[in-house]
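Please find below my notes on this model, set out as numbered points for a colleague who will want the cut-offs stated beside the claims. They take up packing, one helix and the charged pairs in turn.

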Amino acid sequence: SRGDLPAIVQLLADDSMGAARESDGDMEPYERAFEAIDADPRHLLVVGELVRPGSAGTPVVSTFQISFLPGMSRRGAWRSQIEGVRVAAGVRGQGIGNLMVQWAIDESRRRGCSLMQLTTHKSRTAAQRFYGRLGFTADHEGMKLPL
């Protein structure tokens, strides 16, 4: 929900790369993005909350965005793209990332996608190992052009 935006931005900023490009000083750009994502059923912004029995509240500890894209290649196949995958530093290594990505894979299959894709920065070697364990292969070279 919109109320989760501060936690999402904090998760996105919680590493050396994110700290340089994310800022919670002006939430307006994030609010505009949230509205666009929320209005389009082909895009989902997901958060994971940590539920601890007996604790007050359920803090947001993870997030990702998934988009469902039609395509002409692969005989008109739909694909999903997952990005902005983050797990709070204090709960990494507990299987939360695995649960999130497995949910995204299942949702992609449920929506008829035949392929899931992602990019991760070349410097994120731990992330590359994580995705490899889940069955992702680095068989393409991704490229970006800042606009």
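1. Contact here means heavy atoms within 4.5 Å. By that criterion, and leaving aside its neighbours within four places in sequence, V101 is in contact with I82, F130, Y131, L134 and F136.

2. This is a predicted model, in which local features need pLDDT of at least 70 and side-chain atom pairs count only at pLDDT 80 or more, whereas totals for chains, interfaces and linings use all residues. Residues are numbered from 1 along each chain as its sequence is written, and side-chain values use heavy atoms, with hydrogens and water left out.

3. V101 also appears in the account of the largest nonpolar core, a core being a set of buried Ala, Val, Leu, Ile, Met, Phe, Trp, Tyr and Cys residues joined through side-chain atoms within 4.5 Å; buried means under 20% relative accessible area, exposed over 50%, and partly exposed in between, with a 1.4 Å probe and protein chains only. This largest core has 23 residues, and those with the most contacts inside it are F64, I82, V91, V101, M116 and F136. The elements that give two or more residues to this core are strand 2, strand 3 (78-87), helix 5, strand 4 (113-117) and helix 6 (125-133), where helices (H or I, at least four residues) and strands (E, at least two) are DSSP runs numbered from the N terminus. A second, separate core of seven residues includes L5, L12, M27 and F34.

4. S62 lies in strand 2 (residues 60-69) and, at 1% relative accessibility, counts as buried. Leaving aside its neighbours within four places in sequence, S62 has contacts to L11, V46, V47, G48, R86, V87, I96 and M100.

5. How does the length of helix 3 compare with the span expected at 1.5 Å a residue? The expected span is 1.5 Å times one less than the number of residues, so the 12 residues of helix 3 should span 16 Å, and the 17 Å between its end C-alpha atoms agrees with this. The buried residues of helix 3 are Y30, F34 and I37; they cover an arc of only 70° around the axis, which puts them on the same side of helix 3, the arc being that of the directions from the helix axis to the C-beta atoms. These buried residues pack against helix 1, strand 1 (43-49) and strand 2, while R32 and A39 are exposed on the other side of helix 3.

6. A salt bridge is taken as a side-chain nitrogen of Lys or Arg within 4 Å of a carboxyl oxygen of Asp or Glu, and by this rule the count comes to eight. One of them joins R2 to E35, with the closest N and O atoms 2.0 Å apart. Because R2 lies in the segment before helix 1 (5-13) and E35 in helix 3 (residues 28-39), the pair ties together parts that are 33 residues apart in sequence. R2 is partly exposed, with a relative accessible area of 37%, and E35 is partly exposed, also with a value of 37%.

7. E107 forms a salt bridge with R110, the closest N and O atoms being 2.7 Å apart. The two residues are three apart in helix 5 (residues 96-110), and are therefore separated by about one helical turn. E107 is buried at 11% relative accessible area, whereas R110, at 61%, counts as exposed. E107, R110 and R111 are linked in a network of salt bridges.
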